[in-house]
Amino acid sequence: MKAAMMIAPHADDAAAFCGATLAKLSAQGWHVILVRVTDDQKDSIGYSVEETIKINTQEMHDAAKILGIQEIIELGFMTDSLADVPLGSLRERFVYLFRKHKPYAVFTFDPFGLYEGNQDHTRVALAVEEAFWVACFDKHYPEHFVEGFEPFSVCERWYFARQLPEINHYEDVTETMDKKIMALCAHREMMKNTINQTRLQLKTYGKRMAMLDEAIDGDMSQLLGMVMQNDGKAMAEKAGWEAGRFAEAFRKSRFGDMEELFEMMAEDL
Ligand SMILES: [Zn+2]
């Protein structure tokens, strides 16, 4: 059984950026692991820090169930503060997790992604990128080997972003789009806060929109469903597929220039 590890700075990143693909892999029998790097302690409206951590964690577990994520690993860094954490200490955590859980595929933010304004996303992307090769070295973090782990290399890297520098893989997620939307709706507090940011901006502009108020106060599935379906549809169109299908886009990396040679000459272990 192959394992996929999603490394998410925040609880809602999995559903928002690659939730339908994770749900698809889980349905195909993959073991799907979610690593949440921060505690999301500030992402709510009106609750205390303690209440926020509790609510967001519970909602993450609800969303994970919907997506078929079987395992959740918490790293517990304070949210929206990863810019102040040394990159090397973040990297060590990811090297440790790679050596321990041996994921076949890792999903995370593209370190070369465009228009990213969230430092938690950027820092995790950079640290994971280095962890990919550092995990292979036998002289990096020898304390891991004392625990019985070995040098290890992830096989596939699935990058997502607000805007990817290059898309080379469209995953057909037509069958699991509904799970992505349901999972995103499960992150109710975080989504409320996301929608509220737009509402505040609109307020400064001197306008309001009933749809935003209704989503914050009640059912947000209509609004989030519309946004996610539009995005999935746009990606499917980019991929050149027939109407009615949904896609999630990735920059997927495996052996690069060596792929052809390996396909031709590599033998089974
Ligand atoms: Zn995030």
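This passage walks through a zinc site, two backbone features, a surface patch, the cysteines and the salt bridges of the structure. The model is a predicted one, and the zinc ion makes a good place to start.

The zinc ion is held by protein donors from H10, D13 and H121. H10 contributes its ND1 atom and H121 its NE2 atom, while D13 appears twice in the list of donors through OD atoms. These atoms lie 2.1 to 2.7 Å from the metal. Along the sequence, the donor residues follow the spacing H-x2-D-x107-H, and both H10 and D13 are buried. As for geometry, the arrangement of the 4 donor atoms is irregular because the angles they subtend run from 52 to 133 degrees. For a tetrahedral label, all angles would have to lie between 85 and 135 degrees. Water is not among the atoms, so a site of this kind may look incomplete.

Turning to the backbone, two residues other than glycine are worth a look for their positive phi values. In D80, phi is near 55 degrees. This residue lies in the loop that runs between β3 (71-77) and α3 (87-101). In K102, phi is near 50 degrees, and the residue sits in the loop between α3 and β4 (105-109). K102 has a relative accessible area of 44%, so this residue counts as partly exposed.

On the surface, a nonpolar patch is formed by F255, M258, L261, F262, M264 and M265. Together these residues have about 600 Å² of accessible area. One of them, M258, is found in the loop between β7 (247-253) and α10 (259-265). M258 is classed as partly exposed because its relative accessibility is 40%.

The cysteines give a simple result: a search of the whole structure turns up 0 disulfides. A disulfide is a covalent bond joining the sulfur atoms of two cysteines. For C18, the closest cysteine sulfur belongs to C185 and is 17 Å away, so the two are too far apart for a bond. Seen from the other side, C185 is likewise in no disulfide, with the sulfur of C18 as its nearest cysteine sulfur. C18 is buried, since its relative accessible area is 0%.

Salt bridges are another matter, and the structure holds 16 of them. In one, R36 pairs with D40, with 2.8 Å between the closest N and O atoms. R36 is buried, at a relative accessible area of 2%, and D40 also counts as buried, at 0% relative accessibility.

A second salt bridge brings together the side chains of K180 and E248, at 2.6 Å from N to O. This pair links distant parts of the chain, as K180 belongs to helix α6 (residues 177-186) and E248 to strand β7, with their positions 68 residues apart in sequence. Both K180 and E248 are buried.

A third salt bridge connects E259 with R254, whose closest N and O atoms are 2.5 Å apart. R254 has a relative accessibility of 33% and therefore counts as partly exposed. The pair also takes part in a wider arrangement: E156, R254, E259 and E263 are joined into one network by salt bridges that share partners.

Definitions and conventions: Residues numbered from 1 in each chain as written. Predicted model: local features only at pLDDT ≥ 70, side-chain atom pairs only at ≥ 80, totals over all residues. Heavy atoms only, no water. Donors = N, O, S within 2.8 Å, 3.2 Å for Na, K, Ca; no water. Tetrahedral: all angles 85-135°; square planar, octahedral: opposite > 155°, others 65-115°. Buried < 20%, exposed > 50% of the residue type's maximum accessible area, 1.4 Å probe, protein only. Helix = DSSP H or I, 4+ residues; strand = E, 2+ residues; numbered from the N terminus. Patch = residues over 30% accessible without salt bridge, like charges linked within 9 Å, V, L, I, M, F, W, Y side chains within 5 Å. Areas by Shrake-Rupley, 256 points an atom, 1.4 Å probe, with all protein chains shown as cover. Salt bridge = Lys/Arg side-chain N within 4 Å of Asp/Glu carboxyl O. Disulfide = S-S within 2.5 Å.
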